[in-house]
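Please read the points below beside the coordinates. They are ordered from the whole chain down to single residues.

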Amino acid sequence: MVVLILKIYLLFTVAVMVLYSVRHYLFTLNRLFGEQRMYYQDIVDSELKTLSVLIPMHNEEKVATHILDLLVQADYPADRIEIIPINDFSSDKTREVIEKYAARYPFIKPLHRTEGERGKPAALNAAIELAQGEIILVFDADYLPPKGILKSISVCFNDPEVGAVMGRVVPVNTRRNLLTRLLDLERTGGYQVDQQARYNLQLMPQYGGTVGGFRKREIVALGGFDTKILAEDTELTYRLSINGWKVVYANRAECYEEVPETWEVRARQIRRWSRGHNGVMFRYLLQLLGSPFLSLREKVDGTFLLFVYVVPVILFAGLLDSLTLFFLGQMELFSGLLFLIFLGAYNNFGNFAPFYQVGTACLLDGATQRILLLPFLIFNFFFNLWYITRGFFDALIDVVTWRKAKWQKTERFRKAGSPERIA
Amino acid sequence: MAEDGALSKSRFAGAYRMMLAVILLLLIVLFVLPFVPGIWEFRKRQDAAPLFVSMDYHKYPRYFASSFRKKLIDSLNDPHAAEGHRELQLSKREQVQIIDQADFPPGTSVEHILYVSRDLASGDSVALRKEVYVRGSARIGPRNRLQALAADGDISIGRGTRFLRWLDAEGSVHADEACRLGIDAACGGAFAIGRFCSFMRLFGLPVQAGELPAGDDEARDRAGAVEVQVPSDSIERNPASIPPLSLKSASIISAESLTVGDYSVIRGHIKAHRDLVLGTHVTVTGNLFAEGSIEIGADSMIFGTIFSQQRVVIRASAQIGTKDRIKSVIGKKGVVLEQGARVYGLVMTEGKGLIA
């Protein structure tokens, strides 16, 4: 009986991997050969929407000047924009840095938080209450926004159905070590192929919580961000979508970010993402399937996306399962040609389909040498497998025990006064 | 015999160990091999820099010409340079001819960049195969072939003339029939374009299909006669259709195709997931978006931007935007402007643009 259950679970694992592989292949083929939907950034409009740019900051003295210097140079009319740096319980010199800029630029309106809930969702809620703009844009403090990005994102909201917009994130500290180079590959695949294909196919691109924005009125109407959820960006994607709004991805609204430079920091980050994302999965799966505003294909893609941090858990258990079956001498599930298909699906399609996506993304970006690092992603794969699995169980415990998640900030590596720029 | 057997066994064991060693070695090689190019790249760091993001990029509809003007003037280092040939460093080393006043007879062919201090005129079938910068106005004859043209004054273009890349005038542009206007054609003033001209991107204030009416602009610009209300915040979803003479104060989102009847007024935006067809004399205060094609009926007035993932057809005498509201008409697969159609701002397509 136990062996039978183990065998059925292994077949289930293979089926899940094949389904996700097909999804990855569809996205990759769409980017290589499919029709590319036009993005809104070419729109010229003299009536730009009013913007509030929110920058959550907790002990960001190393990086605060870089993002503020760039935002004050943005090509957005000064009378249509306000910048709200949110000093969220900082104990370093973040307050002083922000105040220096506020004294020089009247459209910089700092918010210093010293009481109430901590964390990004709570900080955003507090800033949204003050914000005057029709559109809220959010940048994390380590980001380096180019001159034209505010306009590129803002014009998307001319489409009356667009509720949120997500730009492309490009790692800036790629030269540091193997980890930063591998994260660069992951980001490239995730944005250049995955997000763009979902935009092309009118599925559900994901708002990523930074380098993007949303309509203020709609978020206020939906009750602001839930401070119990760690992945406020994923939650926003689903809340907007199930209420009839679209999230669009803007591949050419590119912005540099700093990726983790140590495996410890990366482990905490990916575990937090998994915990937050799975928390959203537990909460929104049924609402997604029942939404009257979403097409069947959006629901299917939305479900795939919701389960994206469950798949590594399924696979991890599947690996243990297959090892157990192997040592029990019970691996002969199929014979003949069917066995070859099974083996192919399990190993080739399942494990490596996302790698094709990354390779294609590198090709599209013209990054012909970094593609050679692709085999090293296998190490990231097992690393992610472990920490995503742990994050999944964190989320499960959160749900079962009503435990409240505590926000964890990702450590910065940049030195003060020296933003890493392209060569 | 026993010795032979022991020898044979020992040989077999040796061969077996050898084979195991070879297989193990092969496995190690096969495991390491995929990583070798990566190790090489990681050590050499040939592609370790971040992907390029232009920190200064910002959207400017007349970018090509403004960039060219700046490059040429910076390289010349003297806007009143004497006539003659000079070699300048632009994107690469280029021959530049400086002329005070240019008047090219029919059939002339010029193979280098031109800098004309005053006006330029050309006869029939002239070929200017490199960029031209005219500090005055340019009068291009019929059936000319040009790479690119920037003028600080006005440009008039004769019938059947073809631009390979771009043209730009600080003043107005008048293009006669059957011209091909390259990938980008823009001006700071009015841009009147004759029938059967093709284009990819136009910018003008306004872009007008056909001749500009006499006594322009106030007489033609109907925006002043209409009180434009801010588009409504409320949303109406999936109406079957909007009958003629309707008045709606809401944005409309349709999961299917949508038709708006003649003489309707929509105080809001419209989004259709398939085709969007507006009848004649329709007024919309907001933007129009569609996944399918968009057709704007004759004499309609749209105060917002039009964006379609398919084609946009602007029927005769319809107007998009106003002097004070610069807007865009973007149709991914094509844009057609019928006679008298007028757009204040950008008209753009990745497919074929046509004046019908």
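The notes that follow concern a predicted model.

1. Overall form of chain A. Chain A contains 13 helices and 7 strands. Its radius of gyration is 22 Å, close to the 22 Å that the globule rule gives for 423 residues, so chain A is as compact as a globular protein of that length. Along the principal axes, the C-alpha atoms of chain A occupy a box of roughly 75 × 45 × 45 Å.

2. Burial and contact range in chain A. Of the 423 residues in chain A, 50% are buried. If one takes the contacts in chain A between residues at least 6 apart in sequence, 85% of them join residues at least 24 apart.

3. Main nonpolar core. The largest nonpolar core holds 166 residues. Those with the most contacts inside this core are A:V53, A:L54, A:I67, A:L137 and B:L149. Strand β7 (residues 246–257) of chain A gives the core its largest share, 7 residues. From chain B, domain 1 (63–189) and domain 2 (222–355) each contribute at least three residues to this core.

4. One residue of that core. With residues up to four places away in sequence left out, A:I67 touches A:I55, A:F139, A:A141, A:Y143, A:L144 and A:P145. Another core, of 16 residues, lies apart from the main one; among its members are A:L182, A:A361, A:L372 and A:L373.

5. Contact between the chains. Chain A puts 38 residues into the contact, and chain B puts in 41 residues. On the side of chain A that touches chain B, β5 (162–171), α6 (178–200) and β7 each supply at least two residues. Sorted by class, that side of chain A has 18 nonpolar, 6 polar and 14 charged residues. Strand β7 of chain A therefore appears in two roles: it gives the main core its largest share, and it supplies at least two residues of the side that touches chain B.

6. Domains of chain B. The domain assignment divides out domain 1 (63–189) and domain 2 (222–355) in chain B. The C-alpha centres of these two domains of chain B lie 36 Å apart.

7. Strand β31 of chain B. Is strand β31 (residues 327–331) of chain B enclosed or open? In this strand 5 of the 5 residues are buried, so β31(B) is largely enclosed by the rest of the structure. Both of its faces are covered, with B:K327, B:V329 and B:G331 on one side and B:S328 and B:I330 on the other. B:K327 is thus a charged residue type listed among the buried ones.

8. Partners of β31(B). Strand β28 (residues 306–308) of chain B runs parallel to β31(B), and 3 bridges join them. In this pair B:I306 stands opposite B:V329. β31(B) also pairs with β33(B) in the parallel sense, over 4 bridges. There the bridge partner of B:I330 is B:M348 in β33(B).

9. Strand β32 of chain B. Strand β32 (residues 334–337) of chain B has a covered face formed by B:V335 and B:L337, and an uncovered face formed by B:G334 and B:V336. Strand β29 (residues 311–314) of chain B runs parallel to β32(B) and is joined to it by 4 bridges. B:V336, on the uncovered face, stands opposite B:V313. Strand β33 (residues 342–355) of chain B is likewise parallel to β32(B), with 4 bridges. The partner of B:L337 in β33(B) is B:I355.

10. A:Q287. This residue lies in helix α9 (residues 263–290) of chain A. A:Q287 counts as partly exposed because it has 13 C-beta neighbours inside 10 Å; the buried class needs 20 or more. A:Q287 and A:I242 are 45 residues apart along the chain, and their C-alpha atoms are separated by 7.0 Å.

11. A:F413. This residue is found in the segment after α13 (377–401) of chain A. With 18 C-beta neighbours inside 10 Å, A:F413 counts as partly exposed. Leaving out residues up to four places away in sequence, A:F413 touches A:N173, A:E258 and A:E261. A:E258 is 155 residues from A:F413 along the chain, with the C-alpha atoms separated by 7.8 Å.

Methods: Residues are numbered from 1 along each chain as its sequence is written. Chains are lettered from A and ligands numbered from 1 in the order in which they are written. This is a predicted model: local features need pLDDT of at least 70, side-chain atom pairs count only at pLDDT 80 or more; totals for chains, interfaces and linings use all residues. A nonpolar core is a set of buried Ala, Val, Leu, Ile, Met, Phe, Trp, Tyr and Cys residues joined through C-beta atoms within 7 Å. A residue is buried if 20 or more other C-beta atoms lie within 10 Å of its own, exposed if 12 or fewer, and partly exposed in between; C-beta atoms are placed from the backbone. Domain bounds come from an automatic or database domain assignment. Two residues are in contact if their C-beta atoms, placed from the backbone, lie within 7 Å. Two strands pair if DSSP finds at least two bridges between them. The radius of gyration is taken over C-alpha atoms; the globule rule is 2.2 Å times the number of residues to the power 0.38.
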